[in-house]
Each structure stands twice: as structure tokens, then as C-alpha cells.
Amino acid sequence: MPDWSFEIAAGLHDGQIICGVDEVGRGPLAGPVLACAAILDPARVPKNLQQRLDDSKKLNAQIRAEIAEALREIVVFAIAEASVAEIDEFNILRASHLAMRRAVAALVQIPTHALVDGNMAPGLACQTTCVIQGDGKSLSIAAASILAKVERDKIMSQLALTHTVYGWERNAGYGTAHHLSAIKSHGITPHHRRSFRPVSENIPITD
């Protein structure tokens, strides 16, 4: 379970402003990639909420939504995205890092140290520590993971209202059997990542 260990090692108790950074949406065939930067004050995060924080992928949608609602009341955070066009232009890794830089830059507090999920630093303006599987180790990264996932799911559900055949409200753009079947039957949309297979093999675009 995530705790404050990485935040403390980064100087949490020495006046450093620590943000956790995570992205969501690297794997889907459609939709933007989102990143969140979150600054947690241990004094403002209730113990029971700390105990619920975890890697967003381990939580069901209802629990993620409940935790995200609670976090929004007490956490300094910012969410940013890189578009499908940017994913296709730069590749998904660079686009993910771009979204991370945008999220950190959008924070109303300037962090002095960032804890970033993964093993590659995204080129932030502050000191950075990469934490592999950080959303299961750091409370700040776990919070960022949950906030980003809930926001991206909302975006995909909105897109599903006008692109009804792909099941994005359920699969969030991932390559499920239903989604792949819909691509083969109906082609792709402007929201599909044309640099991803099998999207690149089904290029006719619908409105």
C-alpha cells in the first residue's frame, strides 16, 4: 500500500513542496493521454482516505469516483492532456511526458520536487524522482493516478455520446473485442490514434 516514504525522502518534513505525477491513457486506441500533478498535505488527508488510496487500476469505478471527489476538496492538483494529434506526431511516450509537464506547470503552487510514476523523467523544471509502480508506493502519485483516471473516463464517456458504436463509456478507448469489432465494421474516428495498430490498418474515418 502507498505511504509517505517517498515524500519524506524527498524532503516533505523539511519544507519541500512535493507533487506526485502520473499519467493515464497510454494504452488505448482512442482518446487523449492525461496526466495529473497532485500536492498532498498530510495534515489535511484523513487517515481513512489515506488507507483508500492506491493504484487507480486496482480500484473499481465507483470507489475511484468517491476517492476523487474527496481528494478534490483537500488536494492542490492540476490535470492536463496531450491530444490524439500530439500522440500521433510525437509518439505516446513523448506525449505522456508533455501532458506531465503541462500538469505540473498548471499547479497553483510551484513544487520543488516531483515524484513521477515510471522510470523516465519527463523533463520537469523541478527536481524529479522516478518511482517504478509509484501509484502503489507513494500516496501523492496514487492520488494523481486516481484523479487522472476519473477525469479521462469522463472524457471518454462524453465522446461516446456522439460516437456510440465503440463502447468508450465502458472500455475508455482500450482495444477490447467490442472496440476492435466496431473499428472493423465502422472505421475510425478523429479521436482514434492513427499511429496505433490496428487503427492504422483501418484508416477510413467517420465523422
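Here is a chat between a bench colleague and a modeller about this predicted model.

Colleague: Let's start with the sheet. In what order do the five strands come?

Modeller: The sheet is an open one, and its pairing is mixed. From one strand to the next the twist averages 20 degrees. Read across, the five strands come in the order 3-2-1-4-5.

Colleague: Which strands stand at the edges?

Modeller: Look for strands with a single partner strand, because one side of each is then left without a neighbour in the sheet. That picks out strand 3 (76–82) and strand 5 (127–131).

Colleague: How many bridges join strand 1 to strand 4, and how many pair strand 1 with strand 2?

Modeller: Strand 1 (residues 18–24) and strand 4 (residues 113–117) run parallel, with Ile 18 opposite His 113 and Val 21 opposite Val 116. Strand 1 and strand 2 pair in the antiparallel sense, and there Asp 22 stands opposite Cys 36. The count is four bridges to strand 4 and five with strand 2.

Colleague: Is strand 1 buried or exposed?

Modeller: Ile 18, Gly 20, Asp 22 and Val 24 point one way, while Cys 19, Val 21 and Glu 23 point the other way. Residues on both sides are buried. That makes seven of the seven residues, so strand 1 is largely enclosed by the rest of the structure: buried.

Colleague: At what angle to strand 1 does helix 6 run?

Modeller: Helix 6 (residues 139–162) lies across strand 1, strand 2 (33–39), strand 3, strand 4 and strand 5. Its direction relative to strand 1 is about 40 degrees.

Colleague: Now helix 5. What length does it reach from its first C-alpha to its last?

Modeller: Helix 5 covers residues 92–106, which is 15 residues. At 1.5 Å a residue, 21 Å is expected, and the model comes close to that. The reach is 21 Å.

Colleague: What do the buried residues of helix 5 pack against?

Modeller: The buried set includes Ile 92, Ala 95, Ser 96, Leu 98 and Val 104. In general, residues three or four places apart in an α-helix point the same way, because there are 3.6 residues a turn. The packing partners are strand 1, strand 2, strand 3, helix 4 (84–90) and strand 4.

Colleague: Which residues is His 97 in contact with, leaving aside its neighbours within four places in sequence?

Modeller: His 97 sits in helix 5. With a relative accessible area of 11%, His 97 falls under the 20% cut-off, so it counts as buried. Its contacts beyond those sequence neighbours are Met 120, Ala 121 and Pro 122.

Colleague: Which residue has a side-chain oxygen reaching a backbone nitrogen at the start of helix 5?

Modeller: The residue lies in the loop between helix 4 and helix 5, and it has a positive phi of about 90 degrees although it is not a glycine. At 35% relative accessibility it counts as partly exposed. Its side-chain oxygen comes to within 3.0 Å of the backbone nitrogen of Leu 93, and the residue is Asn 91.

Colleague: How many disulfides does a search of the whole structure find?

Modeller: The sulfur of Cys 19 is 5.3 Å from the closest cysteine sulfur, in Cys 126, and that is too far for a bond. Cys 36 is in no disulfide either, since its nearest cysteine sulfur, that of Cys 19, is 9.3 Å away, well outside the 2.5 Å cut-off. Cys 19 is buried at 0% relative accessible area, and Cys 36 is buried at 0% too. The search finds zero.

Colleague: Where is Ala 172, and is it buried or exposed?

Modeller: Ala 172 is in the loop between helix 7 (168–171) and helix 8. Like a few residues worth a look, it has a positive phi, of about 55 degrees, although it is not a glycine. At 6% relative accessibility, Ala 172 is buried.

Colleague: Which peptide bond is cis, with omega near 5 degrees?

Modeller: Go to the segment after helix 8 (177–186), where Pro 198 is found. The cis bond leads into that proline: Arg 197 to Pro 198.

Technical notes:
Residues numbered from 1 in each chain as written. Predicted model: local features only at pLDDT ≥ 70, side-chain atom pairs only at ≥ 80, totals over all residues. Heavy atoms only, no water. Pairing = 2+ DSSP bridges. Helix = DSSP H or I, 4+ residues; strand = E, 2+ residues; numbered from the N terminus. Axes fitted to C-alpha atoms, helices over the stretch in contact; angles between N-to-C directions. Contact = heavy atoms within 4.5 Å. Expected span 1.5 Å × (residues − 1). Buried < 20%, exposed > 50% of the residue type's maximum accessible area, 1.4 Å probe, protein only. Polar contact = N/O pair within 3.5 Å; in protein donor to acceptor, adjacent residues only side chain to side chain.
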